[in-house]
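Okay, thanks everyone for squeezing in. I'll put the sequence and the structure up on the screen, and then we'll walk through a few places together.

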Amino acid sequence: MMTAARTADSGHAAGPGELDRFTYAEAPPGERAAVRPPWDGSDTELGRMTRRGSASRGRGLHGQLVQQLGQMIVSGDLGADRPLVPEEIGQRFEVSRTVVRESLRVLEAKGLVSARPNVGTRVRPVSDWNLLDPDIIEWRAFGPQRDDQRRELVELRWTIEPLAARLAAGHGREDLQQRFGDMVEIMGHALGQGDAITCARADAEFHSLLIQAAGNRMLEHLSGIVSAALQVSGGPVTGCDRPNEVSLGHHARIVDALATGDSAGAEAAMRQLLVGHSDRVVPAPREH
């Protein structure tokens, strides 16, 4: 029975030895029966996944199959232009044709595979992937491209969040002001108790609220990038995984700037916050 490759609770990513690296049989459709299926082989690592909870946004077998195939494509185990034969996938993972078909549709929507008449379903090159998709962000962050993914996420945060802070202060969203203060208070209490989980949740809520308060609908569509960055950076990126009063102070200064409508101050405080944790992920972008 197929199981997911990574659990959201443990944060454990499947290591190199936990996913099969195999070659595919290349043959015309009429000769496929005479060729050894790519899912077969003496190495059974691919099917010998430990029983873990699915980190996919989906549910049940469908979500688990999306999770595993997605991880394998992003990690390079299923290289570009490789054929994905639904019958072979179904046999290997012991799932129905319906589950396979729906899973491949999800992966196609993410730009990972393409299905064409008389060609079948094939893995697409990286240039075609929707790299802003939360699942793909997660799969890249816990795969061979983890360093590049985390660097790119932080660089995007440097573009998105200082601007969001400036705009939020200018809009003066009083309806959100109390919630900002509550999140900082919760983070402070959690830091004192060494409660990294509560701190991370409050931190994620803080940054989500900030982008919401910016009043820019296009920015709101990018909020998933920030959320993903907070989840996959090897721990909460604001210092919640180890008590850090400096980080908490930056959050508080952002709240103060929002309350007084100080756009420049809010932007500066956000930049200080990002600088404060950048040494633990990637260096801050150079000034030009």
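Let's begin with helix α1, where 13 of the 16 residues are buried, so α1 is largely enclosed by the rest of the structure. By buried I mean under 20% relative accessible area, with exposed being over 50% and partly exposed in between, using a 1.4 Å probe and protein chains only. Helices here are DSSP runs of H or I with at least four residues, strands are runs of E with at least two, and both are numbered from the N terminus.

Before I go on, the housekeeping. This is a predicted model, so local features need pLDDT of at least 70 and side-chain atom pairs count only at pLDDT 80 or more, while totals for chains, interfaces and linings use all residues. Residues are numbered from 1 along each chain as its sequence is written, and side-chain values use heavy atoms, with hydrogens and water left out.

Back to α1. Its end C-alpha atoms are 23 Å apart, which agrees with the 22 Å that 16 residues should span at 1.5 Å a residue. That expected span is 1.5 Å times one less than the number of residues. Just after α1 comes G76, with a positive phi of about 95 degrees.

Now the overall picture. The protein chain has 11 helices and three strands, and along the sequence they run α-β-α-α-β-β-α-α-α-α-α-α-α-α. Of its 288 residues, 44% count as buried. If you take contacts (heavy atoms within 4.5 Å) with a separation of 6 or more, 71% of them join residues 24 or more positions apart.

Next, two loop residues with positive phi that aren't glycines. D81 sits in the loop between α1 and β1 (83–84), and its phi is near 70 degrees. D81 is partly exposed, at 48% relative accessible area. E94 is in the loop between α2 (86–93) and α3, with phi near 55 degrees. At 52%, E94 counts as exposed.

So what does S103 touch, if we skip residues up to four places away in sequence? It touches H62, L65 and V66. S103 itself is in helix α3, residues 97–109, and it counts as buried because its relative accessibility is 0%. There's a polar contact as well: the S103 side chain reaches the backbone oxygen of H62 at 3.4 Å. For that label we need a pair of N or O atoms within 3.5 Å; within protein, one must be able to donate a hydrogen and the other to accept it, and residues adjacent in sequence count only if both atoms are side-chain atoms.

Moving along to strand β3, residues 120–123, which holds T121. T121 is buried, at 14%. Leaving out residues up to four places away in sequence, its neighbours include R82, P83, L84 and L104. Also, T121 and E108 are 13 residues apart in sequence and 9.1 Å apart in space, C-alpha to C-alpha.

After that strand, D133 lies in the loop between β3 and α4 (134–141). D133 is buried too, at 12%, and a polar atom of its side chain lies 2.8 Å from the backbone nitrogen of D135.

Then there's helix α5, residues 146–171. It has 26 residues and reaches 36 Å from first C-alpha to last, close to the expected 38 Å. Have a look at R157, because that's the centre of a kink of about 30 degrees in α5; the bend at a residue is the angle between axes fitted to the seven residues ending there and the seven starting there. α5 is followed by G172, with a positive phi near 60 degrees.

Helix α10, residues 245–260, has 16 residues and reaches 23 Å, close to the 22 Å expected. Its buried residues include H250, H251 and L258. The residue after α10 is G261, where phi is positive, near 70 degrees.

Last stop: which residues line the largest cavity? They are A168, G172, R173, Q177, F180, A213 and L258. A cavity here is a set of points, on a 1 Å grid over the protein atoms alone, where a 1.4 Å probe fits but cannot get out, and lining residues have an atom within 4 Å of a point. About 30 Å³ of space lies in it.

That's my tour, over to you.

How values were computed: 1 Å grid on protein atoms, 1.4 Å probe; cavity = no way out; pocket = protein on both sides within 12 Å on 5 of 7 lines; lining within 4 Å. Points joined across faces, edges and corners; volume = space filled by probe spheres on them.
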